[in-house]
Amino acid sequence: MMGSEREACLEQWQAQEALAEEMIPLLGQLYRQYNVVPLLYGRSLVNQSVIGILKHHRYARRVAGVELTVRDTFPILKRLLELSPGASHIDLGQLARGLAQSPLRNDPMRYLRETLAPVVDRHRQEAEADCSARDVVLYGFGRIGRLLARLLIERTGSGSALRLRAIVVRGGAEDLEKRVSLLRRDSVHGPFAGTLTLDEENGAVIANGNYIRFLHADSPEAIDYTEYGIRDALVIDNTGCWRDRAGLSKHLQAPGVSRVLLTAPGKGDIRNVVFGVNHHALPDDERIVSAASCTTNAIVPILGAVHERYGIRQGHVETVHAYTNDQNLIDNHHKGERRGRSAALNMVLTETGAAKAAARALPELEGRLTASAIRVPIPDVSMAILHLNLEREVDREGINAYLRELSLSSKQRRQIDYIDSPEVVSSDFIGNRHAGIVDGRATIAGEHQVVLYVWYDNEFGYSCQVVRLVQQMAGVRLSSLPEQ
């Protein structure tokens, strides 16, 4: 490469960096002032660094097969602010792609007004309306509880209609510093994005301006939340101690609580909801709901999509799952078969309810799936291997193209992600916000059979799905534009 060419490459990169730097305050304004979540092919641009913004644009070229740079999205971002949009999710990548293909490509403002018509000039109306935040309580503060806290705190930067007001734990007030320390530092997901200040006198923490009380109780009905100014609260039970209606109803006996969400598969008549698949059928008056499991959330959107296009006759789901807190660090007694053996030293064959749970979310697959699980010695990120016999013929290129397009431009683009790389391993998906990520390079297909490999961050990706369901239950239903 000649010297002049090398200089041109550097100059081009620096120009893109400069534009990305200009985008950051505009993205912040869109998010905090207008409550608009800016996306790029399903990936959030909120609080992204310059490099993060550029990497998201690079993703579009690698997966969507289209050239997309900040030169394409920066003008769209500036015009969005002129439209005074209402609260929504707006995908800049989809808008840039649509504009390039539209007869209105020479009149971008008209294109944006028509495409974003449901939210154009809605900000003032929303600002004048009652926008009081819905109180949220976390019951339990383990792996999922702490990630949910991070996500709920993150969302209040936009004036979110959800407000984390309290966290209920066992034990005494003397362990507050330890609890907050676990929120501040995480060995898998890194440091907390912001500041945490202890208010030991009142048993609370101030997290990025959110005043959150730590309450102590041994049973759900033991707390009067109204004493702390908490009313009509949505309680997220992430302990897994109660999974049927009789147990979870104890939360409703506590003054100040109106609804309950379980972060584990529900038993009996509890509705198991996978956001993006069957959340639309959730009645507004359903007071107790389950967010199903991490594996169910990872596989159900993909199973549903494959069944819609190809028809699933029968299938087997094998999950290769990161070890969890209920396993032993070294060999010791455990009520479950094989789970007593050291999680850090062994692959552990165990049971899973993934097949039954998938059928509860997709009744059309009842009796067509089986499942098994292996726990492996890593702390996070799992894989589901879907062996499916199909009604229609399938080929590798066709099904990969179908799933890739779903990840980019369907209503499930926040649930289904897609990657095509020969180098990715499990740690590359830590922090991925999608429910499941199809590894297109690993797909095997032919005649009426397909094997799909689906990665998923069983902690963070699942927590993102839980928060989406919390928003649904709280009536926070943001438009996702452009519509697909």
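Here are four short exercises with worked solutions on a predicted model.

**Exercise 1. Work out how helix 7 and helix 8 are oriented to each other, and which residues bring them into contact.**

Step 1: Find the two helices. Helix 7 covers residues 143-155, and helix 8 covers residues 176-184.
Step 2: Look at the geometry. They pack at an angle of about 70 degrees, and their axes are 10 Å apart.
Step 3: Put a word to the angle. The range 65 to 115 degrees counts as roughly perpendicular, so helix 7 is roughly perpendicular to helix 8.
Step 4: Add the handedness. Helix 7 passes helix 8 in a right-handed crossing.
Step 5: Name the residues. Helix 7 brings Arg146, Ala149 and Arg150, while helix 8 brings Leu182, Leu183 and Arg184.
Step 6: Sort them. You get 3 nonpolar, no polar and 3 charged residues in this contact.

**Exercise 2. Do the job again for helix 3 and helix 5: what is their angle, and who touches whom?**

Step 1: Helix 3 spans residues 70-82 and helix 5 spans residues 108-115.
Step 2: Their packing angle is about 60 degrees, with the axes 10 Å apart.
Step 3: The two helices are therefore oblique to each other.
Step 4: Helix 3 and helix 5 make a right-handed crossing.
Step 5: On the helix 3 side, Ile76, Arg79 and Glu82 make the contact; on the helix 5 side, look for Pro108, Met109 and Leu112.
Step 6: The tally for this contact is 4 nonpolar, no polar and 2 charged.

**Exercise 3. Which strands stand at the edges of the open sheet of 4 strands?**

Step 1: Read the strand order, which is 2-1-3-21, with mixed pairing.
Step 2: Go to the ends of that order. Strand 2 (43-44) and strand 21 (479-481) are the edge strands; each has a single partner strand, so one side of each has no neighbour in the sheet.
Step 3: Now check a pair. Strand 1 (residues 36-40) and strand 3 (residues 88-91) run parallel and are joined by 4 bridges.
Step 4: Pick out one partner: Leu39 is bridged to Asp91 in strand 3.
Step 5: See what lies on the sheet. Helix 4 (residues 92-101) packs there, touching strand 1 and strand 3, and its direction makes about 50 degrees with that of strand 3.

**Exercise 4. Find which parts of the chain the salt bridge of Arg43 and Asp417 links.**

Step 1: Start with the total: the whole structure has 22 salt bridges.
Step 2: Zoom in on this one. The side chains of Arg43 and Asp417 meet at 2.7 Å, N to O.
Step 3: Place both residues. Arg43 sits in strand 2 and Asp417 in strand 17 (residues 416-419).
Step 4: With their positions 374 residues apart, the pair links distant parts of the chain.

Notes: Residues are numbered from 1 along each chain as its sequence is written. This is a predicted model: local features need pLDDT of at least 70, side-chain atom pairs count only at pLDDT 80 or more; totals for chains, interfaces and linings use all residues. Side-chain values use heavy atoms; hydrogens and water are left out. Axes are lines fitted to C-alpha atoms, for helices over the stretch in contact, and angles run from 0 to 180 degrees between N-to-C directions. Angles under 35 degrees count as roughly parallel, over 145 as roughly antiparallel, 65 to 115 as roughly perpendicular and the rest as oblique. A crossing is left-handed if the near helix is turned anticlockwise from the far one by less than a right angle, and right-handed if clockwise. Contact means heavy atoms within 4.5 Å. Ala, Val, Leu, Ile, Met, Phe, Trp, Tyr, Cys and Pro count as nonpolar, Asp, Glu, Lys and Arg as charged, and the others, Gly among them, as polar. Two strands pair if DSSP finds at least two bridges between them. A salt bridge is a side-chain nitrogen of Lys or Arg within 4 Å of a carboxyl oxygen of Asp or Glu.
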